[in-house]
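Reader: Hey, I'm just starting out with this stuff. Can you walk me through the structure on screen?

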Amino acid sequence: MGRQETLLYLDGVSVSFDGFKAINNLSLIVGHNELQAIIGPNGAGKTTMMDIITGKTRPDEGDVYFSGTVDLTKLDEAAIAELGIGRKFQKPTVFESHTIRDNLELALKKPRDVFSAWFYQPDDKDTARIDEILDMVRLTARAQELAANLSHGQKQWLEIGMLLAQDPQLLLVDEPVAGMTDAETVETAKLLKDIATTRSVVVVEHDMSFIRDLAARVTVLAEGSVLAQGSLDHVSADPRVIESYLGR
Amino acid sequence: MITQTLIRALDRKALFVVALLLFIAVAVPVSNLYLPEGHPLRVPDHFVPLFGKYLTYAMLALALDLVWGYCGILSLGHGAFFALGGYAMGMYLMRQIGDRGVYANPVLPDFMVFLNWKELPWFWHGFDMFWFAALMVVAVPGLLAFVFGWLAFRSRVTGVYLSIISQAMTYALLLAFFRNDMGFGGNNGLTDFKDILGTPIQSGTTRAVLFAASAIALALAFLVCSAIVRSKLGKVLVAVRDAESRTRFLGYRVDNYKLFAFTASAIIAGIAGALYVPQVGIINPGEFAPANSIEIVIWTAVGGRGTLIGPIIGAVLVNAGKSWFTGVLPEFWLFALGGLFVAVTILLPKGIVGAFTGGWSALKARRASARAEEGTNLSGDLKTSPAE
Ligand SMILES: Nc1ncnc2c1ncn2[C@@H]1O[C@H](COP(=O)(O)OP(=O)(O)O)[C@@H](O)[C@H]1O
Ligand SMILES: [Mg+2]
């Protein structure tokens with residue numbers, strides 16, 4: 001696949017923190033409407049990779065392109081988010097002193113400048129969209145409660161809902177099922193697969209049964225670069241993967 | 001669109017506060033001017049400027065709360081914006097003195113004649129006109145806040161570092177205004193005012209009008225703040241306070257939001273300062289003292305930050321306490337203030353207003369759960385009031 005056809009394109013990306021190479025010559029491609037799972041041991045650089053894509057960390061070298069043409073290394077977090085890249089953090093981060101509905105309203109794709117926000121009135125379409133998302137993430141009954149009252153798993157769902165409200169082309173989802181029950185985990189896999197029919201989703205996870213449910217292409221990251229890539233069965237048979245990750 | 005935003009700003013609580021302030025704006029002057037001396041309902045003469053001063057402090061605390069309580073920016077330099085607004089008004093009042101000064105110079109204020117200056121410095125031009133001074137009251141604090149905020153927020157200075165540089169800002173201004181050659185009257189500041197808008201500044205009527213103006217200005221500032229915090233803009237500010245980087249990853253330019261809140265807040269503080277000066281009759285560099293800015297933080301914390309009513313209550317109560325205390329036990333006021341701050345931080349972390357609304361919603365929750373238990377619906381989850 002040439003760069004022009006990709007949605008996300010990383011080539012030869014490296015970043016080091018105080019001499020420690022967290023990302024080392026990493027190359028990775030995400031296609032349009034692709035669901036891709038990323039696994040790898042703790043400290044492999046998965047979260048750092050998302051930091052680079054979303055503008056939180058600048059790479060020391062390498063190319064990062066969105067939609068084939070937009071150089072993400074030149075943009076800041078807000079600009080990248082406005083381009084259409086949404087991110088769920090490893091530690092669920094919602095606005096705890098806002099209601100669940102307000103959390104979604106804040107995420108909803110609308111002009112982001114100060115004065116538009118001041119004079120914003122949700123119209124019927126906005127309300128309908130928020131209702132729809134509330135329903136998808138099963139929080140309709142609690143819409144008026146403060147987000148602080150949610151359980152860990154529910155916060156994860158709210159954050160996925162906020163991602164949806166942003167209406168991004170690419171969702172980066174960092175460890176979405178941590179703190180969820182088995183049933184919730186299954187539901188989350190369904191939800192993400194559903195989302196990936198109309199947008200691209202990159203999921204970082206440790207939970208192997210969840211990865212299996214996703215039935216997606218798997219990229220194994222280790223020590224900051226790609227170790228193996230392919231179906232879950234393919235990568236789990238790879239001796240290097242077994243040694244560096246699965247075997248431990 | 002704008003009207004809707006304004007209507008939303010006027011919920012029942014806000015309406016009550018605005019109505020109360022407007023009532024005070026009328027009742028206090030009327031009682032002072034028209035009731036006969038000795039009438040039990042008459043507000044005594046010296047109370048009018050004193051209460052008026054409290055109202056300007058309340059406005060200052062409200063301004064601080066907009067950035068601290070709602071946006072998480074703990075400014076320890078808000079006294080500077082207040083003082084700059086005050087100086088702009090003071091310069092107008094100085095020019096109003098005209099040739100009635102000790103040296104009877106029709107153009108130069110006394111302190112300039114004393115310093116042997118022959119000409120009015122360029123930055124004193126225009127201050128003989130009220131409209132120009134009024135513009136500067138807004139523009140100077142607003143511009144300083146804009147430049148300061150632009151530099152600080154763009155380079156992502158937050159938390160304690162921001163507090164420290166805001167304190168450094170007011171301290172630098174304190175030192176600058178102390179110097180005679182700055183042209184603002186040095187450590188004596190600006191005083192001995194005679195007229196405001198052609199009427200004697202000491203007259204009962206003028207004082208009553210200044211009081212009413214302070215109450216109305218506070219009501220307007222309250223409305224503006226209410227329109228901000230109850231809109232989506234206000235929700236973004238709270239989002240920035242609680243999870244700044246999350247807000248950024250949603251696509252909001254956090255620095256612009258902070259800059260807006262900071263500048264708006266500085267303008268409100270400047271207007272408060274401009275109303276303060278004619279009522280106390282003096283403005284000097286002491287208003288830039290770092291301790292003043294810290295006191296504003298204490299008023300706000302005592303009343304309850306993150307509520308719009310809290311800072312108003314806090315500013316009035318603490319300053320009324322200060323007036324009383326400095327009358328009976330002047331040496332102990334600073335200890336009392338420090339003790340109050342510690343006590344409030346430990347016992348009432350959300351201030352007086354927070355304690356009241358917290359108690360009220362806990363009561364409502366208890367009633368609701370009692371009702372749920374009585375009824376057949378046993379599944380109703382017995383939520384206690386939210387921790388926030
Ligand atoms: N801002 C940072 N400063 C220093 N070291 C960092 C920073 N961010 C990540 N690291 C280091 O980079 C490595 C990769 O971390 P991370 O991307 O969080 O791993 P993963 O998400 O795969 O568990 C870790 O060793 C971590 O300590
Ligand atoms: Mg991680």
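Author: Sure, what follows is a chat about where the chains meet, some charged pairs, a metal site and two buried residues. This is a predicted model, where local features need pLDDT of at least 70, side-chain atom pairs count only at pLDDT 80 or more, and totals for chains, interfaces and linings use all residues. Residues are numbered from 1 along each chain as its sequence is written, chains are lettered from A and ligands numbered from 1 in the order in which they are written, and side-chain values use heavy atoms, with hydrogens and water left out.

Reader: Cool. How many residues from each chain are in the contact?

Author: Chain A puts in 35 residues and chain B puts in 34. Contact here means heavy atoms within 4.5 Å.

Reader: And what area is buried between chain B and chain A?

Author: About 3,300 Å², with carbon and sulfur atoms giving 63% of that. Buried area is the accessible area (1.4 Å probe) that two parts lose on being put together, summed over both. On the chain B side, the residues losing the most area to chain A are B:Lys232, B:Arg246 and B:Phe249, which together make up 26% of what that side buries.

Reader: How many salt bridges are there between chain B and chain A?

Author: Five. A salt bridge is a side-chain nitrogen of Lys or Arg within 4 Å of a carboxyl oxygen of Asp or Glu. B:Lys235 pairs this way with A:Asp102, and their closest N and O atoms are 3.1 Å apart.

Reader: How many residue pairs are in polar contact there?

Author: 18 between chain B and chain A, counting pairs with both residues at pLDDT 80 or more. A polar contact is a pair of N or O atoms within 3.5 Å; within protein, one must be able to donate a hydrogen and the other to accept it, and residues adjacent in sequence count only if both atoms are side-chain atoms.

Reader: Which elements of chain B give two or more residues to that side?

Author: In chain B those are helix H1 (2–9), helix H8 (204–229), helix H9 (232–242), helix H10 (244–249) and helix H11 (254–280). The largest share, eight residues, comes from H9(B). Helices (H or I, at least four residues) and strands (E, at least two) are DSSP runs, numbered from the N terminus.

Reader: Back to charges. How many salt bridges are there over all chains?

Author: The structure holds 29. One of them joins A:Arg138 and A:Glu187, with the closest N and O atoms 3.0 Å apart. That pair links distant parts of the chain, 49 residues apart: A:Arg138 is in the loop between helix H5 (124–136) and helix H6 (152–166) of chain A, and A:Glu187 is in helix H7 (residues 182–195) of chain A.

Reader: Is A:Arg138 buried or exposed?

Author: A:Arg138 is exposed, at 53% relative accessible area, while A:Glu187 is partly exposed at 25%. Buried means under 20% relative accessible area, exposed over 50%, and partly exposed in between (1.4 Å probe, protein chains only). For another pair, A:Glu145 and A:Arg142 meet in a salt bridge at 3.0 Å, N to O. There, A:Glu145 counts as buried at 19%, and A:Arg142 is buried at 18%.

Reader: New topic! What are the protein donors of the magnesium ion?

Author: For ligand 2, the magnesium ion, they are A:Thr47 (OG1) and A:Gln90 (OE1), lying 2.0 to 2.2 Å from it. A:Thr47 is in helix H1 (residues 46–53) of chain A, and A:Gln90 is 43 residues apart from it, in the loop between strand E6 (85–88) and helix H3 (100–107) of chain A. Donors are N, O and S atoms within 2.8 Å of the metal (3.2 Å for Na, K and Ca); water is not among the atoms, so sites may look incomplete.

Reader: Okay, last one. Where is B:Lys258 found?

Author: In helix H11 of chain B, and B:Lys258 counts as buried at 6% relative accessibility. Its side chain makes a polar contact of 3.0 Å with the side chain of B:Glu244. Leaving aside neighbours within four places in sequence, B:Lys258 is in contact with residues including B:Cys71, B:Ile73 and B:Phe153.

Reader: And A:Thr219, buried or exposed?

Author: Buried, with a relative accessible area of 0%. A:Thr219 sits in strand E9 (residues 217–222) of chain A, and its side chain makes a polar contact of 2.8 Å with the side chain of A:Gln229.
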